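User: I should like to learn how to read the features of a protein model, beginning with its ligand. Could you guide me through them?

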Amino acid sequence: MAVLSIKYKFPENFWWGAATSGPQTEGRFNKKHANVFDHWFDIEKEAFFNGIGPNVASNFYNSYKEDIKLMADIGLDSLRTSIQWTRLIKDFETAEVDEEAVVFYNRVIDELIKNKIIPVINLQHFDLPVELYDKYGGWESKHVIALFVLFAEKCFELFGDRVKNWITFNEPMVIVEGQYLYQFHYPNLVDGKKAVQVLYNLNLASAKVIAAFKQSKCAKQGGEIGVVLNLTPAYPRSQADEDVKAAAFVEDFFNKSFLDPAVKGEFTPSLVQTLQADGVLWESTPEELMIIKNNTIDFLGVNYYQPRRAKSKEVAWDIEKSWMPNKYFDDYEMPGRRMNPYRGWEIYPQALYDIAINIRDYYNNIRWYVSENGMGVEGEENYRNADGLIEDIYRIDFYEEHLTYLHKAIQEGSNCFGFHAWTPIDCWSWSNAYKNRYGYIAVDLATQIKTIKKSGYWIKNVAKNNGFS
Ligand code: BG6
C-alpha cells in the first residue's frame with residue numbers, strides 16, 4: 001500500500017488542540033456571582049448581537065461529557081478552557097469555595113483526562129467579578145490583585161494534582177483596550193491614564209500568580225505556568241521614518257508592554273520613556289518591579305488572528321484631549337488587503353511566521369504555542385450540504401495557510417510546541433454573541449445539538465498524521 005507522504009510534518013508530541021473559556025461556554029447555571037459581561041448583559045441586552053447573552057452559552061455546564069467526547073472524536077489532544085472566578089469562589093475576600101463549582105471543575109478535568117485530552121487551565125478570560133469592579137475599581141486596585149492571587153492559589157491546590165499547564169491571563173491587553181480605551185468591555189471607559197495603570201497592574205497580577213504557583217505542589221511536581229498574549233504584529237505603511245516610528249510605538253504599547261515583562265521581567269525602556277514624558281506612567285514600587293523581574297513565564301501562548309498596520313498621524317493629536325496611545329499613530333488600511341468580512345479582520349498568515357521568528361530571535365527562543373487562531377464566519381448554516389455537513393472549506397484553507405507559515409518558522413528553529421484553534425465548539429463571542437461561528441463543531445442554539453463540521457474531520461486527520469500535505 002502506498003504510504004502517503006506528509007509535506008508539512010510537525011515536531012513530535014506537537015499539541016493539536018483547541019481553546020475556549022468558561023464564560024463563553026458554560027452558561028451561568030448555578031453560578032453565584034456575576035462577572036462584568038454577565039452584569040452588562042443584565043443591564044443592557046441590546047448591546048449584544050440578537051440580544052443573546054451568556055446565560056446558556058453552549059450549555060457546557062450541562063453537556064460537558066458529550067462535548068468532551070466530541071472533542072476527542074475529532075482528535076484533539078489538548079484543550080484550554082478557564083475556571084471562572086465568579087463560579088469557583090463564594091467569598092472573594094477569603095477565597096472560600098463554592099462546593100458545587102469544585103465538583104463541576106473536577107468532573108470537567110477528570111473527563112478531559114479520561115478522553116486523553118490535556119487540560120490547559122486559564123485563570124482569567126475577561127471575566128472580572130463585577131462586585132470587585134464596583135467595590136474597588138477592578139484591575140485598578142492592588143487589593144483586587146491580592147484577591148486574584150488567593151483565587152489562583154485555590155485553583156492550584158484543588159486541581160494542580162491533575163492540571164500541569166496553567167495560564168495566568170488570556171489577552172490582558174484586551175482588558176486594557178476593552179475596559180479603558182475603546183469601549184467594548186463593561187464598563188466601557190475612555191481613560192488613558194487608568195488604562196496605563198491597569199496595564200501595569202495586570203503584569204503585576206500575572207507575576208504574583210506565577211510567584212504563588214512556584215510555591216505550589218504542582219510546580220514542584222513539574223507543572224508549568226504561562227500567559228496568553230494576542231501578539232498582533234504592527235507593520236508600518238511604508239519605510240518612511242514617520243511610519244516606522246508610528247508602528248514601533250504600536251509594537252511597544254500593544255505587544256511589548258506584556259511580552260517584555262512576561263519573558264524578560266522588564267518593561268520596554270522606550271515605552272517607559274514615552275509614558276513618563278507624557279506624565280501618564282504607572283505607579284509602581286521597587287518591590288513590585290522585583291516581583292515582575294523574578295517571576296517570568298515558563299512558556300508563552302500566542303493568539304493570532306489579524307495584523308495591525310500603522311501610519312504616522314494625519315492630524316496631530318489634540319493635547320487638550322486626554323491621553324490615548326492613538327496620540328502616536330493612525331491605523332492604516334492597506335489597499336488590497338484580504339479581509340474576513342464577517343469579523344472585519346484582515347487575513348495575513350505570514351504574520352505567524354514573523355511572530356515565531358521574533359520570539360526565536362528576541363525572546364530567548366522561549367517555548368511557545370499558538371494558543372488561538374481561527375476564522376469567525378456568519379451564516380454557516382448556508383454551507384450545510386444535503387447530508388447535513390457544514391462544508392467550511394474556507395476555515396480549512398485558513399488553517400492550512402497559517403500552519404504552512406508556522407511550519408516554516410519551526411523548520412527555521414522557532415520553539416513552537418503546539419497549535420490550538422479557536423474554538424472546538426461554536427461558543428459565545430462576547431458582544432458579538434453567536435454572530436460569527438469559529439468551531440470545528442457547530443451548535444444549533446435552539447436545540448443545543450452539536451454536529452461536527454468538515455473542518456472537524458480535517459483536524460482529526462491532521463492530528464493523526466501530525467501534519468498535512
Ligand atoms: C480572542 C479571545 O480575542 O478572540 C476570545 O480570547 C474571542 O475570547 C476570540 O472569542 C474571537 O474573537 P471574537 O471577538 O470574534 O469573539
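Analyst: Certainly. A polar contact is read from the distance between N or O atoms, with 3.5 Å as the cut-off. In this predicted model, an oxygen atom of the ligand lies 2.8 Å from an N or O atom in the side chain of Glu372.

User: Which other side chains have an N or O atom at a listed distance from an oxygen atom of the ligand?

Analyst: Glu171 is one of them, with a side-chain N or O atom 2.7 Å from a ligand oxygen. The side chain of Tyr305 places an N or O atom 3.4 Å from an oxygen of the ligand.

User: How much of the area that the ligand exposes when taken alone does the protein bury?

Analyst: Taken alone, the ligand exposes 380 Å², and the protein buries 92% of that. The ligand sits in the largest pocket.

User: How many residues surround the ligand, and which are the closest?

Analyst: The ligand is surrounded by 14 residues, of which His125, Glu171, Arg343, Ser429 and Tyr438 are the closest. Sorted by class, this shell holds 6 nonpolar, 5 polar and 3 charged residues.

User: How should I read aromatic pairs, and how many are counted here?

Analyst: Ring centres within 6.5 Å make a pair, and the angle between the planes sets its class. The count here comes to 52 aromatic pairs. Among them is the pair of Tyr305 and Trp345, which is tilted, at 5.2 Å centre to centre and 55 degrees between the planes.

User: Why does the pair tie together parts that are 40 residues apart in sequence?

Analyst: Tyr305 belongs to the loop between β10 (299–303) and β11 (308–311), whereas Trp345 belongs to strand β14 (residues 345–346), so the pair links parts 40 residues apart in sequence.

User: Turning to the backbone, which peptide bonds are cis?

Analyst: The bond from Tyr186 to Pro187 is cis, with omega near 10 degrees; Pro187 is in the loop between α8 (172–180) and α9 (192–214). The bond from Trp422 to Thr423 is also cis, with omega near 25 degrees, and Thr423 is in the loop between β16 (416–421) and β17 (441–444).

User: Which residue has a positive phi although it is not a glycine?

Analyst: That is Ala95, with a phi of about 65 degrees. Ala95 lies in the loop between β4 (89–91) and β5 (96–97).

Key:
Residues numbered from 1 in each chain as written. Predicted model: local features only at pLDDT ≥ 70, side-chain atom pairs only at ≥ 80, totals over all residues. Heavy atoms only, no water. Near = heavy atom within 4 Å. Polar contact = N/O pair within 3.5 Å; in protein donor to acceptor, adjacent residues only side chain to side chain. Areas by Shrake-Rupley, 256 points an atom, 1.4 Å probe, with all protein chains shown as cover. 1 Å grid on protein atoms, 1.4 Å probe; cavity = no way out; pocket = protein on both sides within 12 Å on 5 of 7 lines; lining within 4 Å. Sits in = over half its atoms within 2 Å of the grid points. Nonpolar A, V, L, I, M, F, W, Y, C, P; charged D, E, K, R; others polar. Phe/Tyr/Trp six-rings, centres within 6.5 Å; stacked < 30°, edge-to-face > 60°. Helix = DSSP H or I, 4+ residues; strand = E, 2+ residues; numbered from the N terminus.
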